[in-house]
Amino acid sequence: ADIESLLTKMYVNRMDFIRAHERVMKIAIQEFPFHPEVRELGKEVVLTHLWPSARACIERLQHRGAVREGDPASIIRMVIATLFSFFIMRSVIAPERHWDDEAELRLMIDTLAQGLKPPR
């Protein structure tokens, strides 16, 4: 219905996935720079399965005036980078820290949703 709903569904879904597969995700991230076959698999999954539907969602929201104008690819990268950087901090750089995932997700969603709304 709106960018906040989309971000909430997506971020909650992805965090559930990350929690369920955290060990595998950490290994994949560590191996990504060193193994072309891992990079190719990641690229295929993102570009074939995720990118087209994410782009269509952003374009629909833009058409309805719910998301600011701009290149949908840039918006998608921003949304993905925000969640990815949280995962890296939470699971790789500082896993010993107590993380309040729900509060972190809410802040990311609120901040991005406000920034992606069209200017008045």
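This passage walks through the predicted model of one protein chain, from its overall layout to its charged pairs and a nonpolar surface patch.

The structure is a predicted model, in which local features need pLDDT of at least 70, side-chain atom pairs count only at pLDDT 80 or more, and totals for chains, interfaces and linings use all residues. Residues are numbered from 1 along each chain as its sequence is written, and side-chain values use heavy atoms, with hydrogens and water left out.

The protein chain contains 5 helices and 0 strands, where helices (H or I, at least four residues) and strands (E, at least two) are DSSP runs numbered from the N terminus. Read along the sequence, the pattern is α-α-α-α-α. The C-alpha atoms fill a box of roughly 45 × 35 × 20 Å along the principal axes. Confidence is expressed as pLDDT, the predictor's confidence in each residue from 0 to 100; its mean for the protein chain is 92, and 100% of the residues reach 70 or more. Among the elements, helix H5 (residues 101–116) has the highest mean, 95, and helix H2 (residues 22–31) the lowest, 87.

Of the 120 residues in the protein chain, 25% are buried; here buried means under 20% relative accessible area, exposed over 50%, and partly exposed in between (1.4 Å probe, protein chains only). Contacts (heavy atoms within 4.5 Å) often span the sequence: among those between residues at least 6 apart, 67% join residues at least 24 apart.

Which charged pairs appear in the model? By the rule that a side-chain nitrogen of Lys or Arg lies within 4 Å of a carboxyl oxygen of Asp or Glu, the count comes to 8 salt bridges. One of them joins Glu 4 and Arg 106, with the closest N and O atoms 2.9 Å apart. Glu 4 lies in helix H1 (residues 3–20) and Arg 106 in helix H5, so this pair ties together parts that are 102 residues apart in sequence. Arg 106 also meets Asp 110 in a salt bridge (3.1 Å, N to O). These two residues are separated by about one helical turn, because they are 4 residues apart in helix H5.

A further salt bridge brings together the side chains of Arg 19 and Asp 101 (3.1 Å, N to O). Arg 19 in helix H1 and Asp 101 in helix H5 are 82 residues apart, and the pair links distant parts of the chain. Asp 101 is buried at 7% relative accessibility, whereas Arg 19 is partly exposed at 32%. Both belong to a network of salt bridges that also links Asp 16, Glu 22, Arg 90 and Glu 102.

Arg 90 sits in helix H4 (residues 72–93) and counts as buried because its relative accessible area is 13%. Leaving out residues up to four places away in sequence, Arg 90 touches Met 15, Arg 19, Glu 22, Pro 95, Trp 99 and Asp 101. Its side chain also makes a polar contact of 3.2 Å with the side chain of Ser 91. Such a contact is a pair of N or O atoms within 3.5 Å; within protein, one must be able to donate a hydrogen and the other to accept it, and residues adjacent in sequence count only if both atoms are side-chain atoms. Ser 91, also in helix H4, is buried at 1% relative accessibility.
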